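Let's take a walk through this one together, helix by helix. Have the model open and follow along.

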Amino acid sequence: MAMWADNIKFVKDIIDSKYQKIDAAVAEINESSEALLKDAACAKSKEHFNSGLRTLELVQPAEIETLLETIISELNGKEKEMLENEMKEKIGNRTAAMEKGKQMKAQLKI
């Protein structure tokens with residue numbers, strides 16, 4: 001059982017790192033979007049904006065779901081519900097930021 005618990009922790013660490021990438025990319029997109037609205041010609045802001053979008057594109061929700069399923073299959077109750085809600089929130093943030101990014105690209109013709 002101890003080995004399985006270590007595996008769950010390992011998989012959870014992977015999922016958490018993906019969530020951190022999503023959070024960091026969303027923050028980067030938001031910050032650079034505000035800067036681009038003030039100065040659309042700022043190369044540094046464009047670079048950060050595009051970098052954030054690319055990071056979100058590389059984080060695949062299906063991968064997170066697959067990893068989470070391996071953990072959830074052994075859980076029940078509040079822990080399972082908490083992990084599922086966290087996943088929905090993070091993937092929702094990713095989707096919203098990608099939509100915002102597409103709108104900004106169209107608006108500023110980047």
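A cut-off before we start: a residue is called buried under 20% relative accessible area, exposed over 50%, and partly exposed in between. Keep in mind, too, that this is a predicted model.

Start with helix α1, which covers residues 2–38 and holds N7. N7 has a relative accessibility of 34%, so it counts as partly exposed. Now look across to T70: it sits 63 residues away along the chain from N7, yet the two C-alpha atoms are separated by 9.7 Å.

Stay on α1 and move along to K18, which is also found in that helix. Is K18 buried or exposed? With a relative accessible area of 15%, K18 is buried. And what does K18 touch, once you leave aside its neighbours within four places in sequence? The contacts are V59, E63, I64 and L67. Two of these partners, I64 and L67, are themselves on the list of buried residues in α3.

S32 is another α1 residue worth a stop. Its relative accessibility is 4%, so S32 counts as buried. Not counting residues up to four places away in sequence, S32 touches S45, H48 and F49. Hold on to F49, because that name comes back shortly as part of the α2 contact with α4.

Next up is α3, running over residues 61–72. It has 12 residues and spans 16 Å from its first C-alpha to its last, close to the 16 Å you'd expect at 1.5 Å a residue. Buried in this helix are P61, I64, L67, L68, I71 and I72. Look down the axis of α3 and those buried residues fall within an arc of 140°, so they line one face of the helix. Turn to the face pointing away from that buried side, and you'll find the exposed residues T66 and E69.

Just ahead of α3 is the loop that joins it to α2, and Q60 lies there. At 39% relative accessibility, Q60 counts as partly exposed. Its C-alpha is separated by 9.8 Å from that of R94, a residue 34 places away along the chain.

That brings us to α4, which covers residues 78–108. This helix has 31 residues and reaches 44 Å end to end between C-alpha atoms, close to the expected 45 Å. Its buried residues are L83, M87, K90, I91, R94, A97, M98, G101 and M104. Right after α4 comes K109, with a positive phi near 55°.

So how do the neighbours pack on α4? Take α3 to begin with: the two axes come within 11 Å and cross at roughly 175°. α3 and α4 are therefore roughly antiparallel to each other. From α3, the residues P61, I64, E65, L68, I71 and I72 meet K80, L83, E84, M87, I91 and R94 of α4.

Then there's α2, residues 43–58, which packs against α4 at an angle of about 140°, with the axes 10 Å apart. That angle makes α2 oblique to α4. The crossing is left-handed. On the α2 side the contact is made by F49, N50, L53, L56 and E57, and on the α4 side by R94, A97, M98, G101, M104 and K105. Notice R94 here: it is in the α2 contact, and it also appears among the α4 residues that meet α3.

Technical notes:
Residues numbered from 1 in each chain as written. Predicted model: local features only at pLDDT ≥ 70, side-chain atom pairs only at ≥ 80, totals over all residues. Heavy atoms only, no water. Helix = DSSP H or I, 4+ residues; strand = E, 2+ residues; numbered from the N terminus. Expected span 1.5 Å × (residues − 1). Buried < 20%, exposed > 50% of the residue type's maximum accessible area, 1.4 Å probe, protein only. Arc of directions from axis to C-beta. Axes fitted to C-alpha atoms, helices over the stretch in contact; angles between N-to-C directions. Parallel < 35°, antiparallel > 145°, perpendicular 65-115°, else oblique. Left-handed = near helix turned anticlockwise from the far one by under 90°. Contact = heavy atoms within 4.5 Å.
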